[in-house]
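Reader: I have a model open in front of me. Please show me how to read it, one feature at a time.

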Amino acid sequence: MLSRLFAPKVKVSAHCDLPCGVYDPAQARIEAESVKAVQEKMAANDDPHFQARATVIKEQRAELAKHHVSVLWSDYFKPPHFEKYPNLHQLVNDTLKALSAAKASTDPKTGEKALELIAEIDKIFWETKKA
């Protein structure tokens, strides 16, 4: 009797933890754009205090971008996505590695590379949202 009383009345399912509107690669892109912008500003300013502050900001933003990419990989993308896009695991790994490289570098080319890879994730993400 108690088991029927507490049994679920409605079954629901979703392919992600929350309604999908909470996930968006734009968060990673914005942080990666900040990384590249800081790298560009660092190239134009040789003040050691500026460089130190800029380094901290660049590294924080790169970590945030890595976090957002990791959340997409672990919480949003599901087995059907990986089946449809077999390169997705490698793409995410390459993106995380590129963000690590940008974190460690003052060269804006590393920031640009991370942005290019995030754009590929973004494309796949929006294709999955249409499905």
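Author: Start with a term. Helices here are DSSP runs of at least four residues, numbered from the N terminus. By that count, Glu31 lies in helix 2. One caution: the model is predicted.

Reader: How many helices and strands does the protein chain have?

Author: The protein chain has 6 helices and 0 strands. Read from the N terminus on, the elements run α-α-α-α-α-α.

Reader: Back to Glu31. Is Glu31 buried or exposed?

Author: Buried means under 20% relative accessible area. Glu31 has 13%, so Glu31 is buried. Look at what surrounds this residue. Setting aside residues up to four places away in sequence, Glu31 touches Arg61, Leu64, Ala65 and His68.

Reader: What share of the protein chain is buried?

Author: Of the 131 residues in the protein chain, 33% are buried.

Reader: Now the core. What is the general idea?

Author: In soluble globular proteins, nonpolar side chains tend to be buried together. Now take this case. The largest nonpolar core has 22 residues. Those with the most contacts inside this core are Val69, Leu72, Phe77, Leu88, Leu99 and Ile121.

Reader: Which helices each supply at least two residues of this core?

Author: Helix 2 (26-43), helix 3 (48-76), helix 5 (88-104) and helix 6 (108-130) do. Helix 6 gives the most, with 7 residues.

Reader: Can we follow one core residue? What is Leu99 in contact with?

Author: Leave aside the neighbours within four places in sequence. Leu99 is then in contact with Ala32, Ala62, Ala65, Lys66, Val69, Ala114 and Ile118.

Reader: And how do I read a pair of helices?

Author: Two packed helices are described by the angle between their axes and the distance between the axes. Try helix 3 and helix 6. Their axes come within 12 Å and cross at roughly 30°. Angles under 35 degrees count as roughly parallel. Therefore helix 3 is roughly parallel to helix 6. Their crossing is left-handed.

Reader: Which residues make the contact?

Author: Helix 3 brings Val69, Leu72 and Tyr76. Helix 6 brings Ile118, Ile121, Phe125, Thr128 and Lys129. By class, the contact has 6 nonpolar, 1 polar and 1 charged residues.

Reader: Last one. How do I read contacts along the sequence?

Author: Ask how many positions separate the partners. Take the contacts in the protein chain with a separation of 6 or more. Residues 24 or more positions apart account for 74% of them.

Note on methods: Residues numbered from 1 in each chain as written. Predicted model: local features only at pLDDT ≥ 70, side-chain atom pairs only at ≥ 80, totals over all residues. Heavy atoms only, no water. Core = buried A, V, L, I, M, F, W, Y, C linked by side-chain atoms within 4.5 Å. Buried < 20%, exposed > 50% of the residue type's maximum accessible area, 1.4 Å probe, protein only. Contact = heavy atoms within 4.5 Å. Axes fitted to C-alpha atoms, helices over the stretch in contact; angles between N-to-C directions. Parallel < 35°, antiparallel > 145°, perpendicular 65-115°, else oblique. Left-handed = near helix turned anticlockwise from the far one by under 90°. Nonpolar A, V, L, I, M, F, W, Y, C, P; charged D, E, K, R; others polar.
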